Amino acid sequence: MSSGTIFKKQKLNPSDGKGQAKPWVEKYRPRKLDDVAAQDHAVTVLKRTLQTANLPHMLFYGPPGTGKTSTILALTKELYGPHLSNSRVLELNASDERGISIVREKVKNFARLTVSKPSESDLANYPCPPYKIIILDEADSMTADAQSALRRTMETYSGVTRFCLICNYVTRIIDPLASRCSKFRFKALDSSNALSRLQFIANEESLKYEDGVLERILDISQGDLRKAITLLQSAAKIVLQNDDANTITLKHANELSGTIHEEILQDLINVIKGKDLNKIIDKVQEFVNQGWSAASALTQLHEYYIKNESYDTEFKNKVSWLLFDSDSKLTNGASEHLQMLNLAMKVSQLYN
Ligand SMILES: Nc1ncnc2c1ncn2[C@@H]1O[C@H](COP(=O)(O)OP(=O)(O)O)[C@@H](O)[C@H]1O
Ligand SMILES: [Mg+2]
């Protein structure tokens, strides 16, 4: 399924004149390094490499939706221009197979190709350095064997090829590979940077929204700008379908986020406080039946307990620990229902 070029196939509806069908995360992906917000360190260093056209192997790491993929795509466009990047850039992401055979075949075949000649006009407009770039997006999903194989490929073909590995957790990249790369850490976007980007998009799309909606969306997305932009687009779609309601409201934002309604959360907390085992079992059953997610419950319960001044520090510590424990079990695939039940009972025991 890999496209083999930096141009990803997009499921678009070209007949839609307003561009509503195009995902906004693609539509508003930064085109140039200068458009990448909040990653000043990475951008400054990479821009310097544009001048010398002397690029090291690179390792980008950091949380999702912070601009890693956008940055490398922008860099390759500025290095080669739109035409030459077709033959000079290979992008593999997690949807491609990641076993050792892929690294052997695809990467090696591409790595050993001699570089194609740039056209006169490309040469006049872009640095067009004499090497290719291989982007391995979500490289932390590669097996250790595949990573070792990659290390050898990297050494053998470093004359004509540069690698850019992208991952969330730098610790999942084997050391011999990581140590060959310049590392760039991408930070979660702070709220002012993220807010101005959302405002820009809302403005471009002529959206109307209640005060606080964008802030709420950012709050829900916690520094993941991809998530925030996707939420905004979904909200806009809902508003567009209802002729009379032209404005995105806080209610829309909350609905989309899967945020548990205030009354329902309070209901749950009251039953927990009541310490009646049968009532807790029924309430949790009802909660799960209504389709609320345990993950949202954990986040919101955490917020409720931490911000509530009527609980002392010791209580907050104990609740946090229980929430943390449930969270890690859920991440490892535990049943939502059982985890909610377990959590509710344990928290109820903290009340006296
Ligand atoms: N630093 C940033 N500056 C501007 N836009 C960003 C930034 N980070 C993320 N975005 C937005 O979020 C979307 C996802 O970004 P992406 O580069 O794919 O993130 P990552 O690869 O780190 O998960 C982009 O299309 C862009 O619209
Ligand atoms: Mg990415």
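The following exchange concerns the domains, ligand shell, sheet and helix packing of a predicted model.

Biologist: Into which domains is the protein of this predicted model divided?

Modeller: The centres of two of the domains, domain 2 and domain 3, are separated by 28 Å, taken over C-alpha atoms. The full division is domain 1 (24–185), domain 2 (191–257) and domain 3 (262–350).

Biologist: Between which domains does ligand 1 lie?

Modeller: The shell around ligand 1 receives residues from both domain 1 (24–185) and domain 2 (191–257). Helices α3 (68–88) and α10 (225–241) each supply at least two residues of that shell. Because both domains contribute to the shell, ligand 1 lies between domain 1 and domain 2.

Biologist: Which residues come nearest to ligand 1?

Modeller: By class, the shell comprises 11 nonpolar, six polar and four charged residues. Of the 21 residues around ligand 1, those that come nearest are A37, G67, K68, T69 and S70.

Biologist: Which are the edge strands of the open sheet of five strands?

Modeller: The order of the sheet is β2-β3-β4-β1-β5, with parallel pairing. An edge strand pairs on one side only, and this applies to β2 (89–92) and β5 (182–185). Neighbouring strands of this sheet are turned by 15° against each other on average, direction ignored. The edge strands are thus β2 and β5.

Biologist: Which residue of β3 does E91 stand opposite?

Modeller: Strand β3 covers residues 132–136 and pairs with β2 in the parallel sense over four bridges. E91 falls within the bounds of β2 (89–92). Its counterpart in β3 is I135.

Biologist: Are α10 and α11 parallel or oblique to each other?

Modeller: Helix α11 (residues 250–257) packs with α10 at an angle of about 120°, their axes being 10 Å apart. The crossing in which α10 passes α11 is right-handed. An angle of 65 to 115 degrees would count as roughly perpendicular and one over 145 as roughly antiparallel. The angle of about 120° belongs to neither class, and the two helices are therefore oblique.

Biologist: In which sense, left-handed or right-handed, does α8 cross α9?

Modeller: Helices α8 (residues 191–204) and α9 (residues 213–221) pack with their axes 10 Å apart, at an angle of about 125°. That angle makes α8 oblique to α9. The crossing of α8 past α9 is right-handed.

Notes:
Residues numbered from 1 in each chain as written. Chains lettered and ligands numbered in written order. Predicted model: local features only at pLDDT ≥ 70, side-chain atom pairs only at ≥ 80, totals over all residues. Near = placed C-beta within 6 Å. Nonpolar A, V, L, I, M, F, W, Y, C, P; charged D, E, K, R; others polar. Domains from an automatic or database assignment. Pairing = 2+ DSSP bridges. Axes fitted to C-alpha atoms, helices over the stretch in contact; angles between N-to-C directions. Parallel < 35°, antiparallel > 145°, perpendicular 65-115°, else oblique. Left-handed = near helix turned anticlockwise from the far one by under 90°.
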